[in-house]
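Reader: Hello! I am new to this structure and would love a close look at a single part of it. Could you pick a helix, take me along it slowly and tell me how it sits in the whole?

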Amino acid sequence: MKKVVIGILVLALLVFGAYKVFFAGKADGAAIAIPKEKPLTISKNSDVFNASYEKLLNAYFDLKSGLTDYDTTKA
């Protein structure tokens, strides 16, 4: 008797699991619409900004190479 009850419970769980996996969310016949993400826009900077930013990066890379080479005068 116990084996029959356990068998029915296991079968019911399998049927419920299969229903959730294969048919969940498809009751309407339409999938949920997920909005697409917008691509990033490329912004242009002024020439003055680009020149100052390039000077900043060059100074940073010089400092970094001086510190990694253990050169205190260069850093």
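Author: Happy to! Let us start with Phe61, a residue that lies in helix α2. Please keep in mind that this is a predicted model.

Phe61 counts as partly exposed, because its relative accessibility is 42% and the partly exposed class lies between 20% and 50%. On the surface, Phe61 helps to make a nonpolar patch of about 600 Å², together with Phe49, Tyr53, Leu56, Leu57 and Tyr60.

Two members of that patch deserve a closer look. Phe49 and Tyr53 are four residues apart in α2, which covers residues 47-68, so about one helical turn separates them. Here a general point about helices helps: an α-helix has 3.6 residues a turn, so residues three or four places apart point the same way.

What does this do for the two rings? Two aromatic pairs are found in the structure. In the pair of Phe49 and Tyr53, the ring centres are 5.8 Å apart and the planes meet at 15°, so the rings are stacked. The reasoning rests on two cut-offs: rings pair if their centres lie within 6.5 Å, and planes under 30 degrees apart count as stacked. Neither of these two residues is hidden away: Phe49 is partly exposed at a relative accessible area of 41%, and Tyr53 is partly exposed too, at 42%.

Now let us step back to the helix itself. From its first C-alpha to its last, α2 reaches 31 Å over 22 residues, close to the 32 Å expected at 1.5 Å a residue.

Just past the end of α2 comes Tyr70, with a positive phi of about 55°. Notice that this positive value belongs to a residue other than glycine. Tyr70 sits in the segment after α2 and is exposed, since its relative accessible area of 76% is over the 50% cut-off.

To place all this in the whole, the protein has two helices and zero strands. The other helix, α1, takes up residues 2-23; its 22 residues should span 32 Å at 1.5 Å a residue, and the 31 Å between its end C-alpha atoms agrees with that. Helix α1 is hardly covered, with zero buried residues among its 22.

The protein as a whole has 75 residues, and 3% of them count as buried. Its exposed area is about 7,800 Å², with 68% supplied by carbon and sulfur atoms. The patch where we began, with Phe61 as one of its members, is part of the surface of this protein.

Methods. Residues numbered from 1 in each chain as written. Predicted model: local features only at pLDDT ≥ 70, side-chain atom pairs only at ≥ 80, totals over all residues. Heavy atoms only, no water. Buried < 20%, exposed > 50% of the residue type's maximum accessible area, 1.4 Å probe, protein only. Areas by Shrake-Rupley, 256 points an atom, 1.4 Å probe, with all protein chains shown as cover. Phe/Tyr/Trp six-rings, centres within 6.5 Å; stacked < 30°, edge-to-face > 60°. Expected span 1.5 Å × (residues − 1). Patch = residues over 30% accessible without salt bridge, like charges linked within 9 Å, V, L, I, M, F, W, Y side chains within 5 Å. Salt bridge = Lys/Arg side-chain N within 4 Å of Asp/Glu carboxyl O.
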